[in-house]
Amino acid sequence: MSQYLETIVELQDAMNQLRDAERRLNSIPDWMRELHDEHSRTKSEIDAIDETVEAAARERRAAEAAASDAQEKLKKYQQQINRVSTQREYGALLQEIDTVKTQISSSEEQALSFLDSHEKAQKELADRTASFQDLDQRYAAELARWESEKPGVAKQVADLKARIAGLRAKLPRPVISQFDRILERHPNSALSAIRLIERPGKGQKEWACTSCNYRVRPQSVVEIRNGNSLVQCDSCKRILYVEAEPG
């Protein structure tokens, strides 16, 4: 393998490690994911109950205000009874009084209903909040543990960025440009290892790109091993390399 290809393989590996380290730095770690999801779900449920409490209180106040307004109208209508001069006016006023009494009754019933809903929601909120305390404390402890580990991950990120910059500096500009162009097309990796295709019986060895499974020409395998140039897959265009034998 050529020196450039060795450096490119090392560069891609460092970039993969950086991507993983940045993901870990900016997200919830796997070891506390289940607790995080449970905490978030329970917190959302409690917030929803709290909103139900507030909504019931608002609706009760609105119903009480409507009943109060209707009571004021009723007083005014009742004061007008002795001042009406015709039977028609009297009948119309009685109709208005009946309508307002119906409004008062309806508003008072609504106020009682919302009061009941408010009290039930308050009790549920108190119960859920009390049971949430243990979960919240456990989550806070795990979050503190994660915060204590973050500086180490942040240092790993900084070290990898420095390593990547150093590796890129070792490569000629045309090689870096070629690598970056392929990386734009294949963000996960600009490289692909080649693998030997197992065939029963004896015969010429055959190789394939591990990313797209496209057959690699024998001459390309020779070029990769000799390190004369960077060889790209004829199909996916990734830079091909031979994985090091486990030692």
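1. A word on terms to start: helices here are DSSP runs of H or I with at least four residues, numbered from the N terminus. With that in hand, note that Gly227, just after helix 5, takes a positive phi of about 75 degrees. Please keep in mind throughout that this is a predicted model.

2. Staying with helix 5, which covers residues 218-226, its buried residues are Ser220, Val221 and Ile224. Seen down the helix axis, these buried residues fall within an arc of 100 degrees, so they line one face of helix 5. The cover over them includes helix 1 together with strand 1, strand 2, strand 3 and strand 4.

3. Now to the sheet, which is open and built from four strands in the order 3-2-1-4, with mixed pairing. Strand 3 (215-216) and strand 4 (239-241) are at the edges with a single partner strand each, so one side of each has no neighbour in the sheet. Strand 2 (residues 206-209) and strand 3 run antiparallel and are joined by two bridges. If you want to find one of them on screen, look for Ala208, whose bridge partner in strand 3 is Arg215.

4. How does helix 1 sit relative to strand 4? Helix 1 (residues 3-25) lies across strand 1 (191-197) and strand 4, and runs at about 105 degrees to strand 4.

5. Gln12 is a nice residue to click on within helix 1. Is Gln12 buried or exposed? Its relative accessible area is 3%, against a cut-off of under 20% for buried, so Gln12 counts as buried. Leaving aside neighbours within four places in sequence, Gln12 is in contact with Phe179, Leu183, Asn188, Ser189, Ala190 and Leu191.

6. Arg163 belongs to helix 3, which spans residues 87-170. Arg163 is partly exposed, with a relative accessible area of 30%. Apart from neighbours within four places in sequence, the residues in contact with Arg163 are Glu10, Asp13, Ala14 and Gln17. How far apart are Arg163 and Glu45? They are 118 residues apart in sequence, and their C-alpha atoms are 46 Å apart in space.

7. Last, a quick look at the aromatic rings. How many aromatic pairs does the structure hold? The count is zero. There is, however, an arginine placed over a ring: Arg145 lies over the face of Trp31, at 3.8 Å from the ring centre.

Definitions and conventions: Residues are numbered from 1 along each chain as its sequence is written. This is a predicted model: local features need pLDDT of at least 70, side-chain atom pairs count only at pLDDT 80 or more; totals for chains, interfaces and linings use all residues. Side-chain values use heavy atoms; hydrogens and water are left out. Two strands pair if DSSP finds at least two bridges between them. Contact means heavy atoms within 4.5 Å. Axes are lines fitted to C-alpha atoms, for helices over the stretch in contact, and angles run from 0 to 180 degrees between N-to-C directions. Rings of Phe, Tyr and Trp (its six-membered ring) pair if their centres lie within 6.5 Å; planes under 30 degrees apart count as stacked, over 60 as edge-to-face and the rest as tilted. A charge sits over a ring if NZ of Lys or CZ of Arg is within 6 Å of the ring centre and within 35 degrees of the ring normal. Buried means under 20% relative accessible area, exposed over 50%, partly exposed in between (1.4 Å probe, protein chains only). The arc is that of the directions from the helix axis to the C-beta atoms.
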